[in-house]
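Hi,

Here is the structure I promised to pass on. Have a look at it first, and then read my notes underneath.

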Number of protein chains: 2
Amino acid sequence: MKIVAFGGGTGLSTLLKGLKDFPDIEVTAIVTVMDDGGSSGIIREELGVLPPGDIRNNIIALAEDESLMAQIMAYRFKDGERFKDQSLGNLIIAALTKINGSFPMAIESISSILAIKGRVLPVTEESVKLIARFEDGQIVVGESNITKKNGKIKEINLSSQAKSFSKAIDEISMSDVIVLGPGSLFTSIVPNLLVDGIPEAVKDKPKILIANLMTQPGETTGMSVEDHVKTVENYLKSKIDRVIINSQKIPQAVLKRYKKENSEPVMCKSEDPKFSRIDMVKIIVDKMDGQEKVRHDPHLLAQAVRQISMVLIGDKSGIHS
Amino acid sequence: MKIVAFGGGTGLSTLLKGLKDFPDIEVTAIVTVMDDGGSSGIIREELGVLPPGDIRNNIIALAEDESLMAQIMAYRFKDGERFKDQSLGNLIIAALTKINGSFPMAIESISSILAIKGRVLPVTEESVKLIARFEDGQIVVGESNITKKNGKIKEINLSSQAKSFSKAIDEISMSDVIVLGPGSLFTSIVPNLLVDGIPEAVKDKPKILIANLMTQPGETTGMSVEDHVKTVENYLKSKIDRVIINSQKIPQAVLKRYKKENSEPVMCKSEDPKFSRIDMVKIIVDKMDGQEKVRHDPHLLAQAVRQISMVLIGDKSGIHS
C-alpha cells in the first residue's frame with residue numbers, strides 16, 4: 001500500500017515514525033518549505049537555500065532511531081554566540097544543496113546516507129512565503145509573523161505562485177491513499193494545497209484527514225473538527241473521505257495547563273460515519289520545559305491510518321461496496 | 001607494517017592519502033590539537049571543544065575520495081555572516097563531542113561513519129596552546145599569533161603541561177616505524193613532541209623525518225634540512241634514522257613566485273646516507289588563488305616511506321645488518 005502524507009515538520013513526523021514499522025506500507029512525505037523562523041529562517045536568509053527544518057524532521061523520523069547519523073542530523077547547538085540554537089541537520093542539508101546544486105538532490109543524498117524507510121519531498125522547489133489575511137483585516141507576511149500575531153486567520157495564500165515539485169506529483173499519481181496531517185492547519189497542512197497542481201493531483205484519490213488533538217492558539221482557537229474539515233476541503237477543492245479523531249480522555253491536569261495557554265481539545269459533534277474515533281493519545285514530558293504534553297501515539301496513529309486506508313482502497317476498488 | 005605518523009592538518013594528510021592505497025600498511029595518524037585560528041579557533045572558543053581542523057583533514061584523507069560523507073566533512077560555507085568560512089566537518093566533530101561526551105570518541109564515531117582506512121588520534125585530550133619565544137626575545141601565545149608574527153622562532157612550548165592520549169601511546173608501542181611530517185616544523189611537528197610521554201614512547205622506534213619542500217616564511221626562513229633535523233632531534237631527545245628529501249627540480253617560474261613570498265626550497269648539503277633523495281614533487285594549481293604550488297606527490301611520498309620503512313625494520317631486526 002502506497003501512502004502519500006502531507007504536512008509540516010512536527011505532526012507529520014509523528015505519523016511517519018509509526019508508519020515506518022509497517023513493512024506493507026510505502027510512505028512518501030510531501031512537506032511544506034514556507035518556514036521563515038528559527039534556524040531554518042536564518043539558513044534561508046543567510047545561505048539562500050529553502051528552509052530545511054520541516055524536511056529534516058521527517059527524514060529523521062524515517063531513519064533508524066539510534067543511528068549516529070540520525071543523532072547528528074537531530075543535533076542542535078547549545079553554546080556559542082554564532083551557533084546557539086542552530087540545527088546541524090539543517091546546515092548539512094544546506095551544504096548538500098550547495099554541493100549538489102539542488103535542494104531535492106540534497107534531500108535525496110541525505111536520505112540515502114541515513115538509509116531512510118520511505119521518501120521525503122518538498123512540495124515545491126520555489127522560495128515562497130505565506131501571507132495571511134486575518135479577521136481584523138490585517139495582512140501579515142511570513143509564517144513566523146503569522147503565528148506571532150495570535151489572531152484569527154481568515155485566509156492564507158502564497159507570496160507568489162509556486163509550481164509543484166514534479167516528483168511529488170509523480171508520487172501522488174502512484175499513491176493509493178492521501179493523508180493530511182496531523183499538523184498546524186494554516187501553516188503546515190493548507191500551504192501544501194496552495195501550490196499549483198496539488199489539489200488537482202489528489203482530487204480522485206481517497207483522502208484521510210488526521211484531526212489535531214488540541215487547538216493552536218492564534219491559529220485554530222475555537223475551531224471544531226468540522227471547521228478543520230471545511231477549511232481543508234475549501235483549499236482542496238474536493239472532499240475528505242475520512243477523518244481520524246482521538247477519542248481517548250486527556251487527564252484533567254493536562255487539560256487545565258493547556259487551557260491556561262488558550263488551547264483546548266479539538267471537538268467533534270457530528271455522528272457522520274466518516275469520522276473515525278480512535279484512542280491514540282500519549283502524554284509526554286517535554287524535555288525543554290518539563291511540562292506534560294499531549295501527543296499522538298505514533299504506532300496507534302499509524303495503525304488507524306493503515307486500517308482506514310485498507311477500507312478506503314476496498315471501497316474504491318468496489319470490493320466492499 | 002604498522003606506521004605511526006605525526007603531524008598537523010595539511011602535510012600529514014598528503015602522506016595519508018598516499019599510504020591508504022598500500023594494503024600492507026596500517027597507518028595511525030597522531031595529530032596536534034593546539035590550533036587556535038580560523039574555523040577551529042572559533043569552535044574552540046565558542047563551543048569549548050578541542051580544535052577539530054587538523055584531525056578533520058586527516059580523517060578526510062583516509063576516507064574514500066568521492067564519498068558524499070567525505071564531501072560533507074570537507075565542505076566550507078561560502079555565504080552568510082554567521083557561517084562564512086566555517087567548516088561543516090569541524091561542526092560535525094564538535095557536535096559529536098557533545099553527543100558522545102568525549103573528543104576522541106567523536107573522532108572514532110566519524111571515522112567509522114566514513115569507514116576510513118586507518119586511525120586518526122589526537123596527541124592529547126587537553127586544551128593547551130603554543131607559546132613561542134622568538135629570537136628578538138618576544139614571547140607570543142597561540143598558534144595563529146605565532147605564525148602572524150613572522151619572526152625567527154627560538155623555542156616553542158605548551159601553555160601548560162599536557163598528558164598524552166593513552167590510545168596514542170598504545171599505537172606507538174605497537175608500531176614498526178614512526179614518521180614525522182611533512183608539516184610546519186614549529187606548529188605541526190614539534191607540538192606533538194612537547195606532550196608528556198611522546199618522546200619516551202618513540203625513543204626506541206625507527207624514525208623517519210619527511211623534510212618539507214619549501215621554507216615557511218616566519219617559521220623556518222633560511223633553515224636547511226640539517227637545521228630541521230637538529231630542531232626535531234632536540235625536542236625528540238633521540239635521533240632521526242632517515243630523512244626523506246625531495247630531489248626533483250622545481251620549475252623556475254614557480255620558485256620565483258615563492259621567493260617573492262620569502263619562501264625557498266629547503267636545501268640539504270650533507271652527503272650522509274641517512275638523507276634519502278627522491279623525486280616526489282607535483283605542481284598543483286591552488287583553487288583559491290589560482291597560483292601554482294609545490295606539493296608532495298602522495299603516491300611517490302608514500303612509496304618512499306614504505307621502502308625506507310622496510311629497510312629500517314630489516315636493520316632493526318638484524319636482517320640487513
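Below is what turned up, starting with how the chains pair and ending with one residue inside chain A.

Keep in mind that this is a predicted model.

Chain A lands on chain B after a rotation of 180 degrees with 0.0 Å of shift along the axis, at an RMSD of 0.0 Å. That is how a two-fold axis relates two copies. The C-alpha of chain A nearest the axis belongs to Arg82(A), 3.0 Å away from it. Both copies use the same surface, as 100% of the contact residues of chain A recur in chain B.

Now the interface. It has 25 residues of chain A in contact with 25 of chain B, and the two chains bury about 2,600 Å² between them, 75% of it on carbon and sulfur atoms. Arg82(A) comes up again here: along with Glu46(A) and Phe83(A), it loses the most area to chain B, and the three together make up 25% of what that side buries.

There are also 4 salt bridges across the interface. One of them joins Asp79(A) to Lys98(B), with the closest N and O atoms 3.2 Å apart. As for helices, α5(A) gives the most to the side of chain A that touches chain B, with 7 residues. By class, that side has 16 nonpolar, 4 polar and 5 charged residues.

Last, take a look at Asn192(A), in helix α9 of chain A. Its relative accessibility is 0%, so it counts as buried. A polar atom of the Asn192(A) side chain sits 2.9 Å from the backbone oxygen of Ser188(A). Farther along the sequence, the contacts of Asn192(A) include Phe6(A), Val31(A) and Ile198(A).

Cheers

Notes. Residues are numbered from 1 along each chain as its sequence is written. Chains are lettered from A and ligands numbered from 1 in the order in which they are written. This is a predicted model: local features need pLDDT of at least 70, side-chain atom pairs count only at pLDDT 80 or more; totals for chains, interfaces and linings use all residues. Side-chain values use heavy atoms; hydrogens and water are left out. Helices (H or I, at least four residues) and strands (E, at least two) are DSSP runs, numbered from the N terminus. Buried means under 20% relative accessible area, exposed over 50%, partly exposed in between (1.4 Å probe, protein chains only). A polar contact is a pair of N or O atoms within 3.5 Å; within protein, one must be able to donate a hydrogen and the other to accept it, and residues adjacent in sequence count only if both atoms are side-chain atoms. Contact means heavy atoms within 4.5 Å. Copies are superposed by least squares on the C-alpha atoms of residues with pLDDT of at least 70 in both. Buried area is the accessible area (1.4 Å probe) that two parts lose on being put together, summed over both. A salt bridge is a side-chain nitrogen of Lys or Arg within 4 Å of a carboxyl oxygen of Asp or Glu. Ala, Val, Leu, Ile, Met, Phe, Trp, Tyr, Cys and Pro count as nonpolar, Asp, Glu, Lys and Arg as charged, and the others, Gly among them, as polar. Lists of a residue's contacts leave out its neighbours within four places in sequence.
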